[in-house]
Amino acid sequence: MKTSVIRRGILVAIMFASAFPGCGPKAQSFPRRIEVTAKRFEFAPAEITLKKGQPVVLELRSTDAAHGLRFRELNLNVKVTAGGKTEVQFTPDKVGDFVGHCSVFCGSGHGTMALTLHVVD
Amino acid sequence: MRYLLPLATAIVSLGMAGCKADPPGSLETRTMTFAKHRVFIRDKNQANPLPSNASTWADGKEAFSHYCAACHGLDGQNTGVPFADHISPPIPLLTSKDVQSYSDGQLKWILDNGISPSGMPGSKGILSDDELWSIIVYLRHLPPAGSQGTPEMYNR
């Protein structure tokens, strides 16, 4: 008798959940994780392709001096200490090719440190 | 043959005198200023792609402090630079008419390529294009002379 009540309860709960799918737990979209290494005077990788609207966690790791990575058009600037790592989450909201540069002066080739983001639909 | 030694001595003496970092005469200054503005410095019509606002100015100030301040001071007016008057030609005040009358494009050309034989080095590759253009915004609105103190390297 007790088992029957429990079974009926479960059945009712399943039917209820089926009737209101919006109230059930949603599948979460986890951000894509990208690791970028900065060293004098390059980023690795030097090119990354992202999808517009897809959240991204960008981890910036330095293997020597302090560096930064700045995309002026995306309003994104992340800085990392010498030998350290840091991360930033963002969602690209426009399509195009965006060139980011090192934003912390790191020596004679500082101006050549660049990373290109290709944001596609 | 008997004139060879005096001639060689005279040439060497002239050469030695020519190496002295004396201030240039007014004719030399006027000639070089004309030549730089009208002939040598290019890209007169190139416009600055960055907006002239407080954010870009702050970027320019920071980039300027990393590299340019060693010779021009933090204020672009040689404050705290011990050798500014001992170079020939002397390091100009960046607020001067001579500098400010260059177009933005010409200033960018100077930052990219330098000016020979003034001692002004080119910065292409050392600073990014973005930083160089932001420096030009800073140059157009330099702070009052002395207001930024002495570059850190001369305070040690």
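# Briefing: ring pairs, salt bridges and a surface patch

Over all chains, a search of the whole structure turns up four aromatic pairs. One of them joins Trp57(B) and Tyr138(B) in a tilted arrangement, with 5.3 Å centre to centre and 55° between the planes. Please keep in mind that this is a predicted model. The same kind of search, run for charged side chains, finds 10 salt bridges over all chains. The points below walk through some of these contacts, along with a nonpolar patch on chain B.

**Confidence**

- The model as a whole has an ipTM of 0.77 and a pTM of 0.78.
- For chain B, the average pLDDT is 89, and 92% of the residues score at least 70.

**Aromatic cluster in chain B**

- A handy reminder for reading these contacts: two aromatic rings are described by how far apart their centres are and by the angle of their planes.
- Trp57(B) sits in helix α3 (residues 54–67) of chain B and Tyr138(B) in helix α7, so their pair links distant parts of the chain, 81 residues apart.
- Trp57(B) has 26% relative accessibility and therefore counts as partly exposed, while Tyr138(B), at 0%, counts as buried.
- Phe64(B) also pairs with Tyr138(B); the ring centres are 5.3 Å apart and the planes meet at 55°, so this pair is tilted.
- Because Phe64(B) belongs to helix α3 and Tyr138(B) to helix α7 of chain B, the pair ties together parts that are 74 residues apart in sequence.
- Phe64(B) and Tyr138(B) are both buried.
- Taken together, the ring pairs link Trp57(B), Phe64(B) and Tyr138(B) into a cluster.

**Salt-bridge network in chain A**

- Four residues, Arg33(A), Glu59(A), Arg61(A) and Glu87(A), are linked in a network of salt bridges.
- Within this network, Arg33(A) bridges to Glu87(A), with the closest N and O atoms 2.5 Å apart.
- That contact links distant parts of the chain: Arg33(A) is in strand β1 (residues 32–39) of chain A, Glu87(A) is in strand β7 (residues 85–90) of chain A, and the two are 54 residues apart.
- Arg33(A) is partly exposed at 46% relative accessibility, and Glu87(A) is partly exposed at 47%.
- Glu59(A) forms a salt bridge with Arg61(A), where the closest N and O atoms are 2.9 Å apart.
- Glu59(A) has a relative accessible area of 5%, so this residue is buried, whereas Arg61(A), at 34%, is partly exposed.

**A salt bridge between helices of chain B**

- Lys108(B) and Asp129(B) form a salt bridge whose closest N and O atoms are 3.0 Å apart.
- Lys108(B) lies in helix α6 (residues 104–113) and Asp129(B) in helix α7 (residues 129–140) of chain B, so the bridge ties together parts that are 21 residues apart in sequence.
- Lys108(B) counts as buried at 4% relative accessibility, while Asp129(B) is partly exposed, with a relative accessible area of 42%.
- Helix α7 of chain B thus holds both Asp129(B) of this bridge and Tyr138(B) of the aromatic pairs.

**Nonpolar surface patch on chain B**

- Met32(B), Val39(B) and Phe40(B) make a nonpolar surface patch of about 280 Å².
- Met32(B) has its place in helix α2 (residues 26–40) of chain B.
- With 34% relative accessibility, Met32(B) counts as partly exposed; patch members need over 30% relative accessible area, so this value clears the cut-off.

Technical notes
Residues numbered from 1 in each chain as written. Chains lettered and ligands numbered in written order. Predicted model: local features only at pLDDT ≥ 70, side-chain atom pairs only at ≥ 80, totals over all residues. Heavy atoms only, no water. pLDDT = per-residue confidence, 0-100. Helix = DSSP H or I, 4+ residues; strand = E, 2+ residues; numbered from the N terminus. Buried < 20%, exposed > 50% of the residue type's maximum accessible area, 1.4 Å probe, protein only. Patch = residues over 30% accessible without salt bridge, like charges linked within 9 Å, V, L, I, M, F, W, Y side chains within 5 Å. Areas by Shrake-Rupley, 256 points an atom, 1.4 Å probe, with all protein chains shown as cover. Phe/Tyr/Trp six-rings, centres within 6.5 Å; stacked < 30°, edge-to-face > 60°.
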